[in-house]
Every structure is written in C-alpha cells, then in structure tokens.
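Me: I am new to this structure and would like to understand one part of it properly. Please choose a single strand and take me through it slowly.

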Amino acid sequence: MPLEIELCPGRRIGGENPCFIIAEIGQNHQGDLEIAKKMIRVAKECGADCAKFQKSELEHKFNRKALERPYTSKHSWGKNYGEHKRHLEFSHDQYRELQRYAKEIGIFFTASGMDEMAVEFLHELDVPFFKVGSGDTNNFPYLEKTAKKGRPMVISSGMQSMSTMQQVYNLVKPINPNFCFLQCTSAYPLHPEDVNLRIITKYQSVFPDIPIGYSGHETGIAISVAAVAMGAKVLERHITLDKTWKGSDHQASLEPSELADLVKSIRMVEKAMGSTVKQLLPCEVACNEKLGKSVIAKVRIPEGTTLTLDMLTVKVGEPKGYPPEEIFDLVGKKVKVTIEEDETIVEDAIENHVKKVKC
C-alpha cells in the first residue's frame with residue numbers, strides 16, 4: 001500500500017503532503033460547551049487542520065471502584081473520580097452541536113474514542129478518522145473492532161514498547177491499511193530528555209508503508225517543529241485558553257499565540273525542506289556574481305606556456321573566468337595568448353579547453 005492515506009475527505013497525509021496539525025482540545029474545555037466552541041474557533045483561526053476532543057462512555061471506560069475512587073486533587077471537579085469525569089464529559093447531543101459548529105467554520109472535527117462504546121458513537125457521528133489514545137494502543141480487542149469500522153486511524157504509542165507496536169501493526173494492517181503511528185510519551189508536561197524524537201525515524205524504518213507522526217506533551221513549540229523536520233506527517237498538540245486553569249493537561253498545552261506560532265513555524269519549515277537537488281539557485285546568482293571566485297594568473301604567463309599549478313591562484317575576479325573547482329583541470333593546458341599577472345584566466349585563452357557545464 002502507498003505511504004499516503006486520505007485521513008479526511010480531500011486531505012491526504014504522508015508523502016509530500018503538508019503535516020496534518022491536530023489541535024487537541026481534549027477536556028480542556030472545563031465542561032463548558034461555549035468554551036469548547038471558542039477553542040474550536042481558536043484552532044481554526046490559528047491554522048490547525050482539525051479540532052479533537054476525547055469521548056468516553058464512563059461506565060465502559062472505568063469500573064465501578066475506579067469511578068468511586070476519592071479524587072482530592074486541586075484539579076478535581078468532584079469528590080470522586082466519577083463526578084470529576086462526568087463534569088467534563090459532553091453528551092451525545094452536545095457532541096453533535098460541536099460537530100455542526102466545526103463544520104460551519106470549516107475545520108475537521110473528531111475525538112479519541114476512549115472505550116468501545118465511545119467508538120460506536122463516533123462512528124455513528126461519522127467522524128473522518130478515529131484517534132486511538134495511548135491508553136488503548138495495547139487494547140487489542142478494541143483495536144480490532146475499531147479497525148473493522150473502516151475509517152482511517154491515528155494511533156498514539158505512549159507507554160508502549162516497539163514489540164507492542166509491531167503487534168499493533170500486524171493486527172491493524174490486514175484489516176484496515178489506512179492508519180498511522182504517532183511517537184508519544186505519556187507525561188504531562190513532558191521533559192525534553194523523555195521525548196525521544198529519534199523514534200520517529202525508527203518507526204519510519206520499521207513501518208515504511210505507513211505515515212509516522214508525533215503527539216507532544218512538552219512545553220513550547222521547538223520540539224514539535226523539530227518533529228516535523230524529521231518527517232512527522234501528523235502533529236497533535238493539546239491546546240488551552242489559559243494554562244493556569246484547573247486541569248492537569250493545561251500546563252502541557254499551547255495557548256492561542258503559541259499554537260499560531262507553531263503552525264506558522266511548521267509551514268515555514270516545510271517550505272525550507274525543499275529539494276534534494278543541490279545546485280546554484282536563481283536566488284544565489286547575485287551573490288555569486290559579486291563574490292564568486294575565479295582562477296587568476298599568479299604570475300605573467302607568456303603565450304604558448306603550459307600551465308602549472310604554481311602559476312595559478314584563486315580570487316574574486318573581473319571578469320569571471322574558470323571557477324576554482326576547475327583549477328586542477330587547467331594544469332597541463334597551453335595558453336594561446338599572453339596572460340598578465342593578476343588577470344583572470346578566461347576560456348578563450350586556453351587551447352582545447354572549455355569550462356564544465358554545471359548540472
């Protein structure tokens with residue numbers, strides 16, 4: 001199968017396509033629908049390709065004791081974990097409203113299905129692709145059922161080993177070839193020494209027929225820009241309206257100005273990646289004309305003299321003559337005319353010798 005896949009209608013990833021940038025709203029909306037809409041708009045205005053949430057059907061994601069566990073953190077929205085999560089969980093109708101809003105302003109909309117029933121709902125919602133969060137990457141029954149839905153998949157790899165990722169690839173590929181892996185480290189915020197960007201290139205080597213991306217939880221934008229320069233074709237970053245808000249993800253999220261800078265920097269880097277052909281570019285001609293050097297006569301060279309290296313030197317010359325890289329080719333050639341000391345060696349002065357054509 002080709003390295004490229006169509007992740008969203010009309011939007012391909014992989015190959016020479018631009019990096020697909022996912023603004024992960026997650027649950028940073030504080031359980032407020034209007035804040036969620038504002039964050040979708042921010043994602044759009046900053047240039048992200050997709051606004052993404054996290055959808056759970058809580059009784060299917062957590063067992064009863066997990067939901068009843070006391071939750072006394074400063075980030076808590078309730079006295080136990082269940083109350084906390086219910087405060088942050090939007091209903092099906094609210095998801096439909098958010099999807100309509102995203103469509104209205106022109107940005108792709110999806111969510112991580114955090115359990116099998118959430119995936120069923122997102123499938124019914126007709127999201128363009130499924131995001132598999134790191135917590136479900138080694139959940140093989142979940143992966144199999146999700147892959148069978150036939151939608152493209154973006155699979156994060158936080159907390160997993162290369163062996164597990166190979167198993168994930170072997171499980172998903174025969175069912176649904178339209179997927180990609182994201183290098184990810186599940187820590188919030190993530191310290192640079194734990195990012196391991198080299199895994200991007202390792203994934204590219206081990207899984208050469210799928211796009212590879214990066215999901216970052218670090219602070220700032222530099223590491224994410226570097227990930228794109230290393231070939232990440234999907235980039236996911238959490239966003240927030242205020243890093244000081246209650247919630248454990250806000251510190252590892254980008255505020256609007258940072259998201260805008262990130263998108264701008266990525267698009268600049270993509271332009272800068274350019275071509276693999278090394279040649280004199282049109283933009284370099286002026287500099288070459290002004291400062292490019294030529295082979296110059298170090299001494300007076302009488303007509304009929306056979307050139308030796310000690311007769312020649314390299315300087316910025318007027319007019320232009322043989323470029324420095326051809327100085328050794330001139331050795332052993334005869335001059336047809338007398339060349340005065342410090343004059344440029346020009347083509348018409350050399351017997352049976354022409355300048356090489358640069359490719």
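Reply: Here is a close look at one strand, β3, and the elements around it. The model is predicted, so local features need pLDDT of at least 70 and side-chain atom pairs pLDDT 80 or more, while totals for chains, interfaces and linings use all residues. Residues are numbered from 1 along each chain as its sequence is written, and side-chain values use heavy atoms, without hydrogens or water.

Let's start with the strand itself. β3 covers residues 20-26 (strands are DSSP runs of E, at least two residues; helices are runs of H or I, at least four; both are numbered from the N terminus). Seven of the seven residues in β3 are buried, meaning under 20% relative accessible area with a 1.4 Å probe, protein chains only. In a regular strand, side chains alternate between the two faces of the sheet. Here F20, I22, E24 and G26 point one way from β3, while I21, A23 and I25 point the other way. Both sets are buried, E24 included.

Now for the neighbours. β3 pairs with β10 (residues 234-238) in the parallel sense, over five bridges; strands count as paired when DSSP finds at least two bridges between them. In that pairing, I21 has L235 of β10 as its bridge partner. β3 also pairs in the parallel sense with β4 (residues 50-55), through four bridges, and there G26 is partnered by F53.

Finally, follow the chain onward. β3, helix α1 (residues 33-45) and β4 make a right-handed β-α-β unit: with the strands pointing away from you, the path from the first strand over the helix to the second runs clockwise. β4 is thus both a parallel partner of β3 and the closing strand of this unit.

Conventions
Buried means under 20% relative accessible area, exposed over 50%, partly exposed in between (1.4 Å probe, protein chains only).
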